[in-house]
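Here is my note on the model you sent round. Please read it with the coordinates open.

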Amino acid sequence: MDLIVETDIGHDPDDLFAICYLIAAGVNIRAILISPGDPDQIAIARFICDETGLNIPIGVSHLDRTKFSSGSVHYQLLKEFKYPLERKADGLGSDILQDVIKSYPDSELFVIGPVASIGFYMMKHPETHFKRATMQGGFLPYSLYNPKQPYDKFDGKSWMPTFNLNGDRSSGVTFLSGNVGERQIVGKNICHTVLFNKEVWQKRDPVVKNYTARNLFNRAAEMYLEKHDFKKFHDPTAAVCHLHPEIGTWVRGNTVQQERGWTTTLNPAGDKILADIDYDALW
């Protein structure tokens, strides 16, 4: 699989866990696009690529940013592995996306941040067809599908704010209506119930193709779980669903804006919206 990743990799290590998982599983990541593109965000992405042997372009939605937005486990890793805290991108994400799909026209899309570069590209090139895409975001109300493990804060909610769509609403709307053959939406109605902790971490016995990526995942997990009891695994859940959609229960629908957030309207010709998941299969 050739994959283009758009991420807001930063303070929350969710993105790092997801990207390391994909590399360890043997996915051919062809570009990483960062929103917005702060120098420490780029440093983290380059660190992952350098350590795992990925020679790929890194793009940003905004050039020449000077703000620092990361920290936590990412800074610990950069310090431990003796990497700089700031790096530069290879260019605008939309330009890099255009170049990459010329070489890898069957590339799929994986979105774990505001869909700024991909959305902007789709606005400019609506004729470009993408075979498949998965986005972590959106919300499926329990009134439409009640999962095995509901999250009490979502009871009675018809919509919820989701950062990856609210971060760039116009690009989000473009992505949701763009020329994509199969679009999967992995929302917080399920992601909030996927908890990564020491118990599930120690039970895993993964088959991996890139051991450096597996080791980075494990080192980051060790650092994080030294200070936290668990991590809600939003982006890694979306990553597993992209590679293994069979572990999910999906309904067909459309992700639409409602008030300050997003909801789902059922539509038999719509996207695949994650409604439930096999937790054992996920781990």
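1. Status. This is a predicted model. My points below concern packing, the sheet and a few backbone angles.

2. Nonpolar cores. The largest nonpolar core has 59 residues. Leu-16, Ile-29 and Phe-110 have the most contacts inside that core. Apart from it lies another core, of 26 residues. Ile-4, Val-111, Leu-165 and Ile-273 are among the members of this other core.

3. Leu-16. What does Leu-16 touch, leaving out residues up to four places away in sequence? The list is Ile-9, Ile-44, Ile-48, His-74, Leu-77 and Ala-220. Of these, Ile-44 and Ile-48 are buried residues of helix H2.

4. Helix H2, geometry. H2 covers residues 39–52. Its 14 residues should span 20 Å at 1.5 Å a residue, and the end C-alpha atoms are 20 Å apart, so expectation and model agree. Gly-53 follows H2 and has a positive phi, near 80°.

5. Helix H2, burial. Is H2 mostly covered or mostly uncovered? Mostly covered: 12 of its 14 residues are buried. The buried set includes polar and charged names such as Asp-40, Gln-41, Arg-46 and Thr-52. Pro-39, Phe-47 and Cys-49 are also among the buried residues.

6. Helix H2, neighbours. The buried residues of H2 pack against three helices and two strands. The helices are H1 (14–24), H3 (72–80) and H10 (211–225). The strands are S2 (28–34) and S3 (58–60).

7. The sheet. 10 strands form an open sheet, with mixed pairing. The order is S4-S3-S2-S1-S5-S6-S7-S12-S10-S11. Which strands stand at the edges? They are S4 (91–92) and S11 (261–266); each has a single partner strand, so one side of each is left without a neighbour in the sheet.

8. The S4 edge. S3 and S4 pair in the parallel sense, over 2 bridges. Val-60 stands opposite Leu-92 in S4.

9. Aromatic pairs. The structure holds 14 aromatic pairs. Tyr-142 and Phe-154 form one of them, edge-to-face, at 6.3 Å centre to centre and 65° between the planes. Both residues lie in the loop between strand S6 (130–136) and helix H6 (163–166), so the pair ties together parts that are 12 residues apart in sequence. Tyr-142 is buried, and Phe-154 is buried too.

10. Aromatic cluster. Phe-17, Phe-196, Phe-217, Phe-233 and Trp-283 form one aromatic cluster.

11. Charges over rings. The charged end of Arg-183 sits over the ring of Phe-175, 5.9 Å from the ring centre. Lys-272 lies over the face of Trp-250, with 5.0 Å to the ring centre.

12. Cis peptide. The bond from Ser-35 to Pro-36 is cis, with omega near -5°. Where does Pro-36 lie? In the loop between S2 and H2.

13. Positive phi at Asp-64. Asp-64 is not a glycine, yet its phi is positive, near 60°. The residue lies in the loop between S3 and H3. Why does Asp-64 count as exposed? Because its relative accessibility is 75%, and exposed means over 50%.

14. Positive phi at Glu-259. Glu-259 has a positive phi of about 55°, again without being a glycine. Glu-259 lies in the loop between strand S10 (248–258) and S11. With 59% relative accessibility, Glu-259 counts as exposed.

Definitions and conventions:
Residues are numbered from 1 along each chain as its sequence is written. This is a predicted model: local features need pLDDT of at least 70, side-chain atom pairs count only at pLDDT 80 or more; totals for chains, interfaces and linings use all residues. Side-chain values use heavy atoms; hydrogens and water are left out. A nonpolar core is a set of buried Ala, Val, Leu, Ile, Met, Phe, Trp, Tyr and Cys residues joined through side-chain atoms within 4.5 Å. Buried means under 20% relative accessible area, exposed over 50%, partly exposed in between (1.4 Å probe, protein chains only). Contact means heavy atoms within 4.5 Å. Helices (H or I, at least four residues) and strands (E, at least two) are DSSP runs, numbered from the N terminus. The expected span of a helix is 1.5 Å times one less than its number of residues. Rings of Phe, Tyr and Trp (its six-membered ring) pair if their centres lie within 6.5 Å; planes under 30 degrees apart count as stacked, over 60 as edge-to-face and the rest as tilted. A charge sits over a ring if NZ of Lys or CZ of Arg is within 6 Å of the ring centre and within 35 degrees of the ring normal. Two strands pair if DSSP finds at least two bridges between them.
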